[in-house]
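Grab a coffee and work through a few exercises on the model below. Each one has a task sentence and then a solution in steps.

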Amino acid sequence: MVQFLKVAAFLVSGFLVSPPAAAGDFGDWYEPERGTQERRDLMDAVRPIAEWQLGAPVQFVVTELRVYEDIAFAMLTAQRPGGGDIDLDTSPLAWRVELNVDYMDGARYDVLYRKSGNMWVAVEWSLGATDAWWAWEHTCEAFYEVIPEWCQ
């Protein structure tokens, strides 16, 4: 019985100290390196949308950026160059529509991209979403390789 408990403790301890899932553990996607043209192209594909909604200029802090062949997924936080916060209450979007920032997750963009020729295009996006809107059947069919953990 003592031997069994030692083996059980060893096995459990291995699970407890296992490293968290790393990029690519769920699929074959990769994150474009900082400073690469591909990363700039992905940010530039969503920048006009963000500047139309939040006012220019906009810089992004990347939380997630995943590319697989001709599809990509990003979680980005918009800010002013140098790290300045964006006041959603005074943004152009707030002037044009009724915007309740209490129900938003800040100036955070979730973006799905497709590559068209040599250009990345932001085909679906949201600002301040508080749920995983991309985790529905049709989106999972088209973008599974870059969002597999949400499509289980």
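**Exercise 1. Classify Ile86 by its burial, then place it in the chain.**

Step 1: get the class. Ile86 has 12% relative accessibility, so it counts as buried; the scale calls a residue buried under 20% relative accessible area, exposed over 50%, and partly exposed in between (1.4 Å probe, protein chains only).

Step 2: a word on the input. This is a predicted model, where local features need pLDDT of at least 70 and side-chain atom pairs count only at pLDDT 80 or more, while totals for chains, interfaces and linings use all residues. Residues are numbered from 1 along each chain as its sequence is written, and side-chain values use heavy atoms, with hydrogens and water left out.

Step 3: place the residue. Ile86 sits in the loop between strand 2 and helix 3. Helices (H or I, at least four residues) and strands (E, at least two) are DSSP runs, numbered from the N terminus.

Step 4: look across the chain. The C-alpha atoms of Ile86 and Ala107 are 7.0 Å apart, with their positions 21 residues apart along the sequence.

**Exercise 2. Write down the order of the elements and the share of buried residues.**

Step 1: count. You should find four helices and four strands.

Step 2: read from the N terminus. The order is α-α-β-β-α-β-β-α.

Step 3: take the burial total. Of the 152 residues in the chain, 35% are buried.

**Exercise 3. Which residues have the most contacts inside the largest nonpolar core, and which elements supply it?**

Step 1: set the rule. A nonpolar core is a set of buried Ala, Val, Leu, Ile, Met, Phe, Trp, Tyr and Cys residues joined through side-chain atoms within 4.5 Å.

Step 2: apply it. The largest such core holds 26 residues, and Leu54, Phe60, Leu76, Tyr109 and Tyr113 have the most contacts inside it.

Step 3: find the suppliers. At least two core residues each come from helix 2 (37-54), strand 1 (59-68), strand 2, strand 3 (108-116) and strand 4 (119-127). Helix 2 gives the most, with seven residues.

Step 4: add the background. In soluble globular proteins, nonpolar side chains tend to be buried together.

**Exercise 4. Find the salt bridges and sort three of the pairs by where their partners lie.**

Step 1: fix the cut-off. A salt bridge is a side-chain nitrogen of Lys or Arg within 4 Å of a carboxyl oxygen of Asp or Glu. Searching the whole structure turns up seven of them.

Step 2: start inside a helix. Arg47 pairs with Asp44, with 3.1 Å between the closest N and O atoms. Both belong to helix 2, three residues apart, about one turn of the helix. Arg47 is partly exposed at 21% relative accessibility, and Asp44 is partly exposed at 42%.

Step 3: go long-range. Arg66 and Glu149 form a salt bridge at 2.6 Å, N to O. Arg66 is in strand 1 and Glu149 in the segment after helix 4 (137-143), so this pair ties together parts 83 residues apart in sequence. Arg66 is buried at 4% relative accessible area, whereas Glu149 is partly exposed at 22%.

Step 4: check another distant link. Asp70 and Arg114 make a salt bridge, their closest N and O atoms 3.8 Å apart. Asp70 lies in the loop between strand 1 and strand 2 and Arg114 in strand 3, 44 residues apart. Asp70 is partly exposed at 35% relative accessibility, as is Arg114 at 30%.

Step 5: look for shared partners. Glu64, Arg66 and Glu149 are joined into one network by salt bridges that share partners.

**Exercise 5. Where is Pro57, and is it buried or partly exposed?**

Step 1: locate the residue. Pro57 is in the loop between helix 2 and strand 1.

Step 2: classify. With a relative accessible area of 44%, Pro57 is partly exposed.

Step 3: take a distance. From C-alpha to C-alpha, Pro57 and Ala78 are 9.8 Å apart in space, and they are 21 residues apart in sequence.
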